[in-house]
Amino acid sequence: MPKYKTLSRKISIIGAGNVGATFAYALLLSGLCSEIVLIDQNTQKAEGEVMDLNHAVPLAHPTRIRVGDHKDCADSSISVVTAGTAQRPDENRLDLAKRNAAIFRQIIPMIVKNNPDGILLITTNPVDILSHFSLQLSGLPDNKVIGSGTILDTARFRYLLGQHFNLDARSVHAFIIGEHGDSEVPVWSLANVAGMPIEEYCRTNGCECNEVTRNKIYLQTRDAAYEIIAKKGATYYAIASGLVRIVESILRDQHTILSVSTHINGLYEIQDTFLSLPCVINRNGIDRIIQLPLAPSEAAALQKSAKALGGIMRGLG
Ligand code: NAD
């Protein structure tokens, strides 16, 4: 007898816009699942995306891709929510949260009603707030509500560090934690290359990563989305890849450490807040949170990030 029930290879995507459609494409190419359901209030858009994606199937992996409604979330191992709108130029984070929370009030109960055993993976911004709101709306346990959080920011950070050191970004180990947004925190004290802290790597390998460089890399990481949106209107390739990485860790029960947004209650003296920390991801969703021995300034910055998120959450009511 197998110890666990096998996870279904069906993934539902709610929101077939830039992020949802790009994620569906990346998921198809990954060969990780046997069925993808695309759900969008704009049915015509979802139909167009599904047609286009299906024409790639003979060149990729056998996958059933179809348009659905919320009933079709049934039996999905993961429902990935990308539905919502992006921030308007004249809008603050709280206003955006309110607009997208109104959408979540409609869709989260329907998803959970039809798929009570599945995992919710939230991407819509502000992602930490909407993940927290999804936990409250769904009644699911903490491990089953995951926000993509800083998986994207951590990837951007490692990319930039890789560029700076002329290394494969996968050989640079570093995390961005906290809010996915303006108060995010770079964990310089634990960043390492080949097991060496950055200072030691620089000292023994003839390179530098001084305060000015660090600040430049942090700001480029934090503000990347603004720059991309100014140039092409939206960001979607990197977040879609991050979502595939999370889905892979769940479906393959990989126990991978990824920085994702999760419910923090007590760690670093932070109560009842969703923010990102490195988490072990496996078939249960978030299996556990990795505790980091943060430098005092980093712990303080994380608490400040939690406070900023708490303010928006209270504003939502
Ligand atoms: P988009 O406008 O291209 O797509 C959003 C889609 O949601 C649209 O197709 C719309 O019809 C659909 N939608 C709206 N209300 C719906 C409802 N009630 N039910 C079903 N579908 C509904 O936007 P996008 O560029 O794909 O971005 C989507 C969200 O993802 C935004 O909030 C954006 O800020 C966020 N995002 C997050 C990250 C991250 O790292 N967390 C990265 C990029 C984008």
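In the predicted model, Ala194 lies in the loop that connects strand 10 (192-193) with strand 11 (196-197). The phi angle of Ala194 is near 50 degrees, a positive value in a residue other than glycine. Ala194 is also exposed, its relative accessible area being 64%. A second residue with this backbone feature is Asn166, which is not a glycine but has a positive phi of about 55 degrees. Asn166 is placed in the loop between helix 5 (151-165) and strand 7 (172-173), and with a relative accessible area of 72% it is exposed. Most residues other than glycine have a negative phi, and most peptide bonds are trans. A peptide bond of the cis kind is found from Asn125 to Pro126, where omega is near -5 degrees. Pro126 belongs to the loop between strand 5 and helix 4.

The domain assignment divides the chain into domain 1 (10-147) and domain 2 (151-316). To their contact, domain 1 contributes 35 residues and domain 2 contributes 35 residues. The C-alpha centres of the two domains are 23 Å apart. The size of an interface is often given as the accessible area lost when the parts come together. For domain 1 and domain 2 this buried area is about 3100 Å², of which 74% is on carbon and sulfur atoms. On the side of domain 1, the residues that lose the most area to domain 2 are Leu32, Asp128 and His132, which together account for 21% of what that side buries.

Polar interactions between the domains were also examined. No salt bridges are found across the interface of domain 1 and domain 2, whereas eight residue pairs, both members at pLDDT 80 or more, are in polar contact between them. On the side of domain 1 that touches domain 2, the elements giving two or more residues are helix 1 (18-30), strand 4, helix 3, strand 5 (119-122), helix 4 (127-138) and strand 6 (145-147). Helix 4 supplies the largest share of that side, eight residues. By residue class, the side of domain 1 that touches domain 2 consists of 19 nonpolar, 11 polar and five charged residues.

Side chains of opposite charge can pair when their charged atoms come close. Over the whole structure, 12 salt bridges are found. One of these joins Glu49 and Lys45, with the closest N and O atoms 2.5 Å apart. Glu49 and Lys45 are four residues apart in helix 2 (residues 43-54), so about one helical turn separates them. Lys45 is partly exposed, at a relative accessible area of 31%.

Salt bridges are also present between Arg222 and Asp223 and between Arg288 and Asp287. In the pair of Arg222 and Asp223, the closest N and O atoms are 2.9 Å apart. Arg222 is partly exposed, with a relative accessible area of 26%, and Asp223 is likewise partly exposed, at 25%. The side chains of Arg288 and Asp287 meet at an N to O distance of 2.9 Å. Arg288 counts as partly exposed, with 45% relative accessibility, and Asp287 is partly exposed, with a relative accessible area of 31%.

A network of salt bridges links Glu35, Arg64, Arg66 and Asp72. Within this network, Glu35 is located in strand 2 (residues 35-39) and counts as buried, at 14% relative accessibility. The side chain of Glu35 makes a polar contact of 3.3 Å with that of Arg64. When neighbours within four places in sequence are left aside, Glu35 is in contact with Arg9, Lys10, Ile11, Thr63, Arg64 and Arg66.

Another buried acidic residue is Glu91, whose relative accessibility is 11%. Glu91 is found in the loop between strand 4 (78-81) and helix 3 (93-114). Its side chain is joined to that of Arg99 by a polar contact of 2.7 Å. Not counting residues up to four places away in sequence, Glu91 touches Ala86, Leu96 and Arg99.

Conventions: Residues numbered from 1 in each chain as written. Predicted model: local features only at pLDDT ≥ 70, side-chain atom pairs only at ≥ 80, totals over all residues. Heavy atoms only, no water. Salt bridge = Lys/Arg side-chain N within 4 Å of Asp/Glu carboxyl O. Buried < 20%, exposed > 50% of the residue type's maximum accessible area, 1.4 Å probe, protein only. Polar contact = N/O pair within 3.5 Å; in protein donor to acceptor, adjacent residues only side chain to side chain. Contact = heavy atoms within 4.5 Å. Domains from an automatic or database assignment. Buried area = accessible area lost by both parts, 1.4 Å probe. Nonpolar A, V, L, I, M, F, W, Y, C, P; charged D, E, K, R; others polar.
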